[in-house]
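User: Please go through this structure with me. I would like to know how each description is justified.

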Amino acid sequence: MRSRFIHALAQIQYNTLRDFSEDMEQSIKEQAKGYSDHMNELAKEYSDEHDLDIFWDYNSDRFKQLYQDYPNTLRTSLLISCITHLEKATLNIYNDLQENYDNIFVSLKSNRQLKGSLIEKAVQSLSLHLSLEDICKSKPWKNIIFYIQLRNRIIHDAGVVHPKHYEELFRKIKNEEISETKIVVLNEYHEIIMLENSSNKIIEDCEFFVKNLSAKIIEFNKLQQF
């Protein structure tokens with residue numbers, strides 16, 4: 001059985017994503033500060049208020065890039081990567097069990113009773129033979145379902161969550177916005193904006209899930225030996 005290897009590989013991938021996130025966040029902050037300091041120095045040359053307004057307006061796009069666009073592009077990309085790695089690890093675990101136990105688990109493709117994303121379908125199928133109740137009731141798992149919904153909107157609609165077309169997700173994000181630990185908000189155009197603490201939180205939840213699912217698989221395998 002490869003569950004330990006799959007878990008170890010996923011952990012390496014999430015460690016890499018965490019390091020990448022921290023390095024890129026720091027790099028963007030340094031560039032933003034450097035540019036801001038440079039522009040403030042140049043602004044001292046303008047004594048006329050009208051000319052100064054034109055100066056700041058002319059350079060506003062670069063400020064938006066460094067303080068809004070770059071950070072959000074980084075964080076949404078990390079969200080996509082985290083869910084992609086989670087999907088890969090979950091499906092690898094599922095496929096490994098299918099191969100070793102003669103396809104006793106429900107097929108993810110043909111069974112219409114399974115609902116949601118591939119990750120959710122795999123968990124539903126595995127839960128028919130494994131005791132996953134504590135995992136499925138956990139806060140990290142509920143968060144992961146939320147992350148998958150965010151990922152889907154980022155991929156399929158450039159991060160737009162229309163309040164009528166995606167009413168449930170829109171409501172979830174609005175509830176998130178008033179939370180002290182919020183990781184995502186919507187801007188005035190209903191576009192997803194991931195906050196600075198989002199990447200670490202997403203990585204932590206994905207790590208929790210893979211670790212605990214792997215532990216359940218190891219326990220299941222031991223029981224099959226008796």
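The turns below take up the overall form and then the nonpolar core of this predicted model.

User: What makes the protein more spread out than a compact globule?

Analyst: The globule rule gives 17 Å for 226 residues, whereas the radius of gyration is 22 Å. That is well over the rule, so the protein counts as more spread out than a compact globule. Along the principal axes, the C-alpha atoms fill a box of roughly 85 × 40 × 30 Å.

User: Which elements make up the protein, from the N terminus on?

Analyst: The order is α-α-α-α-α-α-α-β-β-α, with eight helices and two strands.

User: Why is the set around Tyr14, Leu150, Ile173, Ile192 and Phe209 called a nonpolar core?

Analyst: A nonpolar core is a set of buried residues of types such as Tyr, Leu, Ile and Phe, joined through side-chain atoms within 4.5 Å. The largest such core has 52 residues, and these five touch the most other members. Elements giving two or more residues to this core include α1 (3-43), α3 (60-100) and α8 (198-224). The largest share, 11 residues, comes from α3.

User: What is Ile173 in contact with, leaving aside its neighbours within four places in sequence?

Analyst: Contact means heavy atoms within 4.5 Å. By that cut-off, the partners of Ile173 are Phe146, Leu150, Val161, Val184, Val185, Leu186 and Ile192.

User: Which residues does the second core include?

Analyst: Among its seven residues are Ala32, Tyr35, Met39 and Ala43, and this core is separate.

User: How much of the protein counts as buried?

Analyst: Buried means under 20% relative accessible area. Of the 226 residues, 41% count as buried.

Definitions and conventions
Residues numbered from 1 in each chain as written. Predicted model: local features only at pLDDT ≥ 70, side-chain atom pairs only at ≥ 80, totals over all residues. Heavy atoms only, no water. Buried < 20%, exposed > 50% of the residue type's maximum accessible area, 1.4 Å probe, protein only. Helix = DSSP H or I, 4+ residues; strand = E, 2+ residues; numbered from the N terminus. Rg over C-alpha atoms; globule rule 2.2 N^0.38 Å.
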